[in-house]
Amino acid sequence: MLRTRNLQLYSMVALLVAVVLCVGTAWAQLPDDVYFVNYYVGANTTGNADGRVRIDNPGVNNGADICADIYVFDNTEEMVECCGCNLTPDDLKVFSINRDLTSNATETVHSGVLKIVSAQQNPTATRLCDPTGGNKKGINVDNIVPAPDIRAWATHIQNPYTTRKGYVFTEEEFQDATLTTAELNTLQETCFNLQNAGTGRGVCSCGTGLD
């Protein structure tokens, strides 16, 4: 009887350890300085100015090109667009929030959250910068490999949007956030489903590099 109880206890401990390890793996923290968050407001509003997002590759990642994988959310926490944009060393890309980041959503959006993952190029994938990570039918074939480097800023049109002297603008650097494997997988899978829904929507544009 004692041996049976011991076996049961060992089995329960082993199961608990396995669960802890699985949870730890799912929520494992990836490298620092790879995940950036900001917001946008007043987008696609008649008579309102257009905001900008500026992303730079400072060139410190051994002088390599780097991907800015961008995920755009609306104010109901739904992803509305995503895209992967290549930046060469010392490159600066300028994005119109209205034209590049929100114009291809399924519905008109006015405010929400912007997320960027700084990542390595994937020379074996169809796209060097693929925000889905090569995701196919729920399977991450070529997972995004985060790599520190990019810097990004966003302008905000504040409420009240205008004064007698014009629009009220502020600019803020994207803030560092902790990227876990669970969050990265969610971003990739949601982006894949969005871009492959058959609507032709959900793909943002990488901008022109010009204001």
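Q: In this predicted model, His 156 lies in strand β7; why is His 156 called buried?
A: Its relative accessibility comes to 1%, and the cut-off for buried is under 20%, so His 156 counts as buried.

Q: What makes the pairing of the His 156 and Asn 38 side chains a polar contact?
A: The two side chains come to 3.0 Å, and the limit for such a pair of N or O atoms is within 3.5 Å, so the label fits. Setting aside neighbours within four places in sequence, His 156 also touches other residues, including Tyr 39, Val 168 and Phe 169.

Q: Why does Thr 181 count as partly exposed?
A: Thr 181 has 22% relative accessibility. Buried needs under 20% and exposed needs over 50%, so at 22% Thr 181 falls in between. You'll find Thr 181 in helix α3, with its C-alpha 6.7 Å from that of Leu 30, though they are 151 residues apart along the chain.

Q: How do you know that the charged end of Lys 115 sits over the ring of Phe 73?
A: The charged end is 4.9 Å from the ring centre, and the distance limit is within 6 Å, with an angle limit of 35 degrees from the ring normal. Lys 115 is listed as sitting over the ring of Phe 73.

Q: Which residues have the most contacts inside the largest nonpolar core?
A: Those are Val 53, Ile 55, Ile 70, Leu 101, Ile 116 and Phe 174, in a core of 26 residues. Elements giving two or more residues to this core include β3, α2 and β7. Apart from it lies another core, of 16 residues, with Val 117 and Leu 184 among them.

How values were computed
Residues are numbered from 1 along each chain as its sequence is written. This is a predicted model: local features need pLDDT of at least 70, side-chain atom pairs count only at pLDDT 80 or more; totals for chains, interfaces and linings use all residues. Side-chain values use heavy atoms; hydrogens and water are left out. A nonpolar core is a set of buried Ala, Val, Leu, Ile, Met, Phe, Trp, Tyr and Cys residues joined through side-chain atoms within 4.5 Å. Buried means under 20% relative accessible area, exposed over 50%, partly exposed in between (1.4 Å probe, protein chains only). Helices (H or I, at least four residues) and strands (E, at least two) are DSSP runs, numbered from the N terminus. A polar contact is a pair of N or O atoms within 3.5 Å; within protein, one must be able to donate a hydrogen and the other to accept it, and residues adjacent in sequence count only if both atoms are side-chain atoms. Contact means heavy atoms within 4.5 Å.
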